[in-house]
Amino acid sequence: MLRVEPPLSDEDLLDRFQHAAFGYFLETVNPENGLVADTSRPNWPASIAVVGFALSCYPVGVERGWMTRDAAAKLTLAALRFFWNSRQGNGDGVTGHKGFYYHFLDMRTGLRAWRCELSMVDTALLMAGLLVAGAYFTGDNDEETEIRELGEALYRRVDWRWAQGSNSTLRQGWKPKSGFLRYGWEGYNEATVLYVLAMAAPDKPASDDSYAGWTATYQWGNIYGYDVLYGGPLFMHQFSHAWIDFDGIRDAFMREKNSDYFENSRRATYLHRDYAQRNPSGYDGYGEGLWGLSAGDGPGNFRARIERRPRKFSGYAARGAPFGPDDGTIAPWSYLASLPFAPEICLPALRLLRERHPEVIDGFRMPSGFNPTLANRRKFGPSGWISDAHYGLDQGIAVLMIENHRSRLIWDLMRSSPHIRRGLSKAGFSGGWLSQPAAAAQAGHHVG
């Protein structure tokens, strides 16, 4: 007699997705230096942002029983020692400059890879990971003490003022031969945590007008009936929220709009759902239960005629709604990363994905993307093109946002960080939890 598996409860379902995403970091880390690969593709360099996500995920792994506290402390310390001892400078054979780090580093040597840029926002995501580690590892043994001391020293070393160039806003990147990249931050995106950390720095902070300079470029509008601060790809509404709980705290911009960034991310999530329902470009599969455009892998750069319509596809890109770009590629990990904002639409989407496209989530680890418009074409299967790689950014945001939804662990740890509180205050945030005294250290935090 055929045995039918009982349906998973929401908690069991999230536990499986979270555990599978967490496994990425243990599988792709170099335990000698703590560096973590940007993607699961072979011979790929490390991403400093992915290391920041890894450092934030290790406490989750400990609390969920997926790794020991000692193992987590050792991997954390390996990364911190590497970054502290690696060479800084504006020449060759270095990992960074002025306390910042190159976006991609060789997994073994830790040196700059691909002649990439010194990245301000990716350094900030790395620093956010250091602050999580410092807030979590509060023991008085030698290893946990060193984690706190090195994390603080690394954060203090970053010269945020230098990264502004001659502008009020921070530059996006810098290269040794050509200097700062021509573009800065324009419009709302994932950089809130960058500005909070830059303004909070005890020694070399960004100027006091830097955050206001950035918010002056925001685009507020009404889209599909939602009053919303626009940022096209969903990751822009998720990344800073992995570390900072914006629910109920407001800056000058949001006070004027009678909203907050948490509510804004909720509206953006719904906007993506509504865009898929409207499906203006007529892509296959889009609908109430299948939505979510973000930065991620794509089928590749080619054109195809599908059902008499010319289609243009792309590779890795930041896709957005409703103003594009959009080539029919869904980022399924978006449901996990938007969970705290809108569980009432994210959980049903997750279940529908399992039911309708089981090959997309084989083993419960989300791929970077899939494109149902290519179903049964160009040698693709019934779900169309599916990315053959997992990306550390996707897996990291999934782990952290599922955890914030389940236990608030990362939010609570960061509420206890004096740097986060000072940065938010200098950026003009007030109200909500910021008006309460700092939480006691979260050493005894335990998730059920």
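**Close-up views of a predicted model**

The structure holds one cavity of 30 Å³ or more. The model is predicted. The legends below start with this cavity and move on to the pocket, the cores, a buried arginine and the backbone.

**View 1. Lining of the largest cavity.** About 40 Å³ of space lies inside the largest cavity. Its walls are formed by V228, L229, Y230, G231, H237, A268, L271, H272 and A321. Two elements, β9 (226-229) and α9 (261-278), each give two or more residues to this lining. The largest share, three residues, belongs to α9. Six lining residues are nonpolar and three are polar. No charged residue lines the largest cavity. Rolling a probe the size of a water molecule over the atoms reveals where empty space remains.

**View 2. The largest pocket and its surroundings.** The space in the largest pocket comes to about 580 Å³. Its lining has 26 residues. Nearest the centre of the pocket lie H103, D122, E190, Y316 and L393. Helix α4 (120-136), strand β13 (317-318) and helix α12 (392-406) each supply at least two lining residues. The largest share, three residues, comes from α4. By class, 17 lining residues are nonpolar, four are polar and five are charged.

**View 3. The largest nonpolar core.** This core has 151 residues. Those with the most contacts inside the core are Y58, F83, W160, L197, W243, Y261 and L424. Helix α4 gives the most to this core, with 13 residues. Nonpolar side chains tend to be buried together in soluble globular proteins.

**View 4. Contacts of F83, and a separate core.** F83 is among the residues with the most contacts inside the largest nonpolar core. Leaving out residues up to four places away in sequence, F83 touches L35, I48, V51, Y101, L105, L126, L154 and R157. Apart from the largest core lies another, of six residues. F302, A304, F313 and W385 are among them.

**View 5. R406, a buried arginine.** R406 is found in helix α12. Its relative accessible area is 19%, so R406 counts as buried, the limit being under 20%. The side chains of R406 and E11 are joined by a polar contact of 2.8 Å. With residues up to four places away in sequence not counted, R406 touches E11, L14, D15, Q18 and R64.

**View 6. Two cis peptide bonds in one loop region.** A cis peptide bond joins A321 and P322, with omega about 0°. P322 lies in the loop between β13 and α10 (334-337). A cis peptide bond also joins G324 and P325, with omega about -5°. P325 lies in the loop between β13 and α10. A321 also appears in View 1, where it lines the largest cavity. Most peptide bonds are trans.

**View 7. N258, a positive phi in a loop.** The phi of N258 is near 55°, a positive value in a residue other than glycine. N258 is found in the loop between α8 (252-257) and α9. Its relative accessibility is 55%, so N258 counts as exposed, the limit being over 50%.

**View 8. R308, a positive phi between two strands.** R308 is not a glycine, yet it has a positive phi of about 70°. R308 is found in the loop between β11 (302-306) and β12 (309-313). With a relative accessible area of 77%, R308 is exposed. Most residues other than glycine have a negative phi.

Notes
Residues are numbered from 1 along each chain as its sequence is written. This is a predicted model: local features need pLDDT of at least 70, side-chain atom pairs count only at pLDDT 80 or more; totals for chains, interfaces and linings use all residues. Side-chain values use heavy atoms; hydrogens and water are left out. On a 1 Å grid over the protein atoms alone, a cavity is a set of points where a 1.4 Å probe fits but cannot get out, and a pocket is an open set with protein on both sides within 12 Å along at least five of seven lines; lining residues have an atom within 4 Å of a point. Grid points are joined across faces, edges and corners, and a volume is the space filled by probe spheres set on the points. Helices (H or I, at least four residues) and strands (E, at least two) are DSSP runs, numbered from the N terminus. Ala, Val, Leu, Ile, Met, Phe, Trp, Tyr, Cys and Pro count as nonpolar, Asp, Glu, Lys and Arg as charged, and the others, Gly among them, as polar. Buried means under 20% relative accessible area, exposed over 50%, partly exposed in between (1.4 Å probe, protein chains only). A polar contact is a pair of N or O atoms within 3.5 Å; within protein, one must be able to donate a hydrogen and the other to accept it, and residues adjacent in sequence count only if both atoms are side-chain atoms. Contact means heavy atoms within 4.5 Å. A nonpolar core is a set of buried Ala, Val, Leu, Ile, Met, Phe, Trp, Tyr and Cys residues joined through side-chain atoms within 4.5 Å.
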